[in-house]
Amino acid sequence: MPVALESADTGTVPARVGVLGGGRMGAGIAHAFLLAGAEVVVVERDREAADAARTRIAGSLAKSVERGDTDASAQELADRAAFAVDYGQFAVCGLVVEAVPEDFALKSAALRAVEEQLDDGAWLATNTSSLSVDRLAAGLKRPENFCGLHFFNPVPSSRLVELVLGARTSEQLAASAQEWIEALGKAAVVVRDAPGFASSRLGVAIALEAMRMVEEGVASAEDIDAAMTLGYRHPTGPLRTTDLVGLDVRLGIAEYLHSTLGDRFAPPQILREKVARGELGRKTGQGFFSYE
């Protein structure tokens with residue numbers, strides 16, 4: 001079985017954790033496991049992307065050290081992080097979390113390739129925010145060792161992790177994953193595999209309705225968000241949250257939910273038009289709001 005390492009929190013995390021993909025989400029996941037005491041290897045598609053992931057993670061770790069989130073130094077944390085372009089680096093990991101873009105074919109192929117490198121007792125997880133865990137598991141040799149770990153952006157400050165259990169996810173993995181989430185200083189919401197799970201289904205439903213209200217001229221984006229932050233105590237309004245997540249990501253999720261759950265998740269035209277213009281949110285400087 002995978003070796004566990006006592007973390008700085010009350011639970012345990014695997015001693016060596018792999019993360020496939022070092023973008024915003026993958027970097028955040030690596031950050032979280034590093035702070036919990038694990039050694040982490042991030043695998044990217046090429047050396048340039050791996051170097052970018054190193055820079056991204058070093059920056060976020062430095063901020064955590066400055067805030068006093070950890071007793072470790074930035075150098076100590078960096079020494080436990082490795083960056084590679086070879087899936088073979090996952091062979092020593094007790095857990096690998098896949099964090100590649102939200103595309104079923106891409107994720108399915110990546111998960112199969114990672115599984116080929118793992119020990120029979122190692123765990124594998126996907127960070128998908130909406131795709132079926134059972135469909136992804138169907139391509140794996142050991143679906144009982146597979147689950148969904150849906151982290152939220154930004155990972156370092158978000159307390160929620162959605163633990164998605166497939167029909168064949170083992171009870172041992174379900175229990176261990178809840179311990180990992182606790183060790184990361186986060187809270188688990190456990191859901192069975194269903195389109196959009198709980199968080200994406202609810203979050204996207206609110207966001208799509210907010211977009212329709214902008215499209216129909218009901219109110220400005222600023223006022224719609226203010227209605228939710230002031231009236232319902234949401235920390236961030238649905239449109240600014242969409243900008244943070246990425247309009248392209250939201251469109252992909254909405255299209256998947258539309259195909260599985262029906263017309264109530266049909267993407268509004270305003271969303272399609274913004275994505276077509278490259279207005280993807282904070283990462284491009286323009287979404288429903290402007291970012292200098």
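**Reading helix α1, Tyr-87 and Thr-126**

Me: What should the twelve residues of helix α1 (residues 24-35) span at 1.5 Å a residue, and how far apart are the end C-alpha atoms?

Reply: The expected span of a helix is 1.5 Å times one less than its number of residues. For the twelve residues of α1 this gives 16 Å, and the end C-alpha atoms lie 17 Å apart, which agrees. Helices (H or I, at least four residues) and strands (E, at least two) are DSSP runs, numbered from the N terminus. The model is predicted: local features need pLDDT of at least 70, side-chain atom pairs count only at pLDDT 80 or more, and totals for chains, interfaces and linings use all residues. Residues are numbered from 1 along each chain as its sequence is written, and side-chain values use heavy atoms, with hydrogens and water left out.

Me: How many of the twelve residues of α1 are buried?

Reply: Buried means under 20% relative accessible area, exposed over 50%, and partly exposed in between (1.4 Å probe, protein chains only). Nine of the twelve are buried, so α1 is largely enclosed by the rest of the structure. Among them are Gly-26, His-31 and Phe-33. Gly-37, which follows α1, has a positive phi near 110 degrees.

Me: Is Thr-126 buried or exposed?

Reply: Thr-126, in strand β7 (residues 123-126), is buried at 0% relative accessibility. Its contacts (heavy atoms within 4.5 Å) include Glu-98, Phe-146 and His-150, not counting residues up to four places away in sequence.

Me: Where does Tyr-87 lie?

Reply: Tyr-87 occupies the loop between β5 (81-84) and β6 (95-98) and is partly exposed, at 27% relative accessible area. Leu-20 is 67 residues from Tyr-87 in sequence, yet 8.5 Å away in space, C-alpha to C-alpha.
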